[in-house]
Each structure stands twice: as C-alpha cells, then as structure tokens.
Amino acid sequence: MKARHLPKHKTMNLNNLKPAKGSTHSEKRIGRGQGSGHGGTSTRGHKGAQSRSGYSRKRGFEGGQMPLQRRVPKFGFTNIKRVEYKPINLNVLEDLAAKRSLSAITVDTLVDAGFVSKNDRVKILGNGTLTRPVEVTAHAFSKSAVAAIEAQSGKAVTI
C-alpha cells in the first residue's frame, strides 16, 4: 500500500484558527484563593473606597485633596453680545480680484474662494494695497480699509 502524501502546511479553516505565538497572555485570575497569588484582597489593597465593589472615581477627584478645579479662582466674564468677525486683508482682496478678474467682491465670493465659511461675519482690514477699483461688500470695515478702497475709486458697502 502506498503512503499517503500530506501537504507541508495546513489550509486555514475556521476550525483551526488561533492567534500567533506569543501574541496573547493568560488572564490574571483574581480572587481564586491564596495559592493563585491573587487571592485574599484580590489585588485591591486593604479597606478604603477603592477596595469596595461598585466604586468609581469621580472625574477630577484627587483623593480628598482640594481639586485643582476648585483651587483656581474664577475670573472675568463672557460677553454674550460679542460679535466676532473673520478678518480679511486688502492684499487677499487684491489677489482674488486679479485671479478672477472681479470688479465686485461680496461675502459669497469669499465663501466660494474658501477664505470664510458661510456663517462667518467678515471685516475688511487695511493691510496690503489695492491697485484696481473694486466694490467690496462686507459686514464691517476698518477706517484704513475704507480709505484704501475709495482711493482707487472703489466702494465699501456695509451689509
């Protein structure tokens, strides 16, 4: 009778899957008697809240010491009527007008170009120079920006 030839490697099937050698550790069996090395207090130490079942430390708890959040004083206030603007300088408007050959720039133009999001309020600031007449529509303008826009015979329109 001929000896049957066996393949050198087994095919991988669901019934013979196992993790790679050395990739797993045996579970620490806690509270299973003194002989295990983890009996008695079950690695929880003696007495105190942390040794009890159901204990969970509160966020920011520092063992009874006055926590940092209560040690540091509160100060200042938040003005709920504050209006925050997204600043856009004249040099950005100049580049945008040159690239797209625009004579009017609105907030929608700035949103399309990716400089602001659609919910932002826009304030035009006077950093940079304009070399072409442009009609700019925005929520607010600095005095220097208005002066620079009107110097090139453009218009600054406030929304």
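# Exercises on strand pairing, core and two outlying residues

Strand E4 is joined to strand E6 (residues 155-158) by four bridges, and the two run parallel. Strands and helices here are DSSP runs numbered from the N terminus, with at least two residues for a strand (E) and at least four for a helix (H or I). Two strands pair if DSSP finds at least two bridges between them.

The model is predicted: local features need pLDDT of at least 70, side-chain atom pairs count only at pLDDT 80 or more, and totals for chains, interfaces and linings use all residues. Residues are numbered from 1 along each chain as its sequence is written, and side-chain values use heavy atoms, with hydrogens and water left out.

**Exercise 1.** Find the pairing partners of E4 and name a residue pair for each.

Solution. Step 1: start with E6, where Lys155 stands opposite Glu135. Step 2: turn to strand E2 (residues 104-105), which pairs with E4 in the parallel sense over two bridges. Step 3: pick a residue pair; Ile105 has Val136 in E4 as its bridge partner.

**Exercise 2.** Determine the strand order of the open sheet that contains E3, and place H2 against this sheet.

Solution. Step 1: E3 pairs with strand E1 (residues 85-89) in the parallel sense over five bridges, and Ile88 is opposite Ile124 of E3. Step 2: E3 is also joined to strand E5 (residues 140-141) by two bridges, again running parallel. In E5, Ala140 is the bridge partner of Lys123, and Phe141 is that of Ile124. Step 3: the order of this open sheet of three strands is therefore E1-E3-E5, given that two strands pair if DSSP finds at least two bridges between them. E1 and E5 are the edge strands, each pairing on one side only. Step 4: H2 packs on the sheet and touches E1 and E3, its direction making about 65° with that of E1. Contact means heavy atoms within 4.5 Å; axes are lines fitted to C-alpha atoms, for helices over the stretch in contact, and angles run from 0 to 180 degrees between N-to-C directions.

**Exercise 3.** Which residues have the most contacts inside the largest nonpolar core, and which elements supply it?

Solution. Step 1: a nonpolar core is a set of buried Ala, Val, Leu, Ile, Met, Phe, Trp, Tyr and Cys residues joined through side-chain atoms within 4.5 Å. Buried means under 20% relative accessible area, exposed over 50%, and partly exposed in between (1.4 Å probe, protein chains only). Step 2: the largest such core has 18 residues, and Leu93, Leu110, Val122 and Ile124 have the most contacts inside it. Step 3: at least two residues each come from helix H2 (90-100), helix H3 (107-113), strand E3 (121-125), strand E4 (135-138) and helix H4 (143-151). H2 gives the most, four residues. Step 4: setting aside residues up to four places away in sequence, Leu93 touches Ile88, Ile105, Leu110, Ile124 and Val136.

Step 5: look at the faces of E3. Side chains in a regular strand alternate between the two faces of the sheet. Val122 and Ile124 form the covered face of E3, while Arg121, Lys123 and Leu125 form the uncovered one.

**Exercise 4.** Are Arg29 and Ser42 buried or exposed?

Solution. Step 1: Arg29 lies in the segment before helix H1 (68-71), as does Ser42. Step 2: Arg29 counts as exposed because its relative accessibility is 53%. Ser42, at 18% relative accessible area, is buried. Step 3: beyond neighbours within four places in sequence, Arg29 contacts Ser36 and His38, and Ser42 touches Ile30 and Gly31. Step 4: from C-alpha to C-alpha, Arg29 and Asp120 are 58 Å apart in space, and 91 residues apart in sequence.
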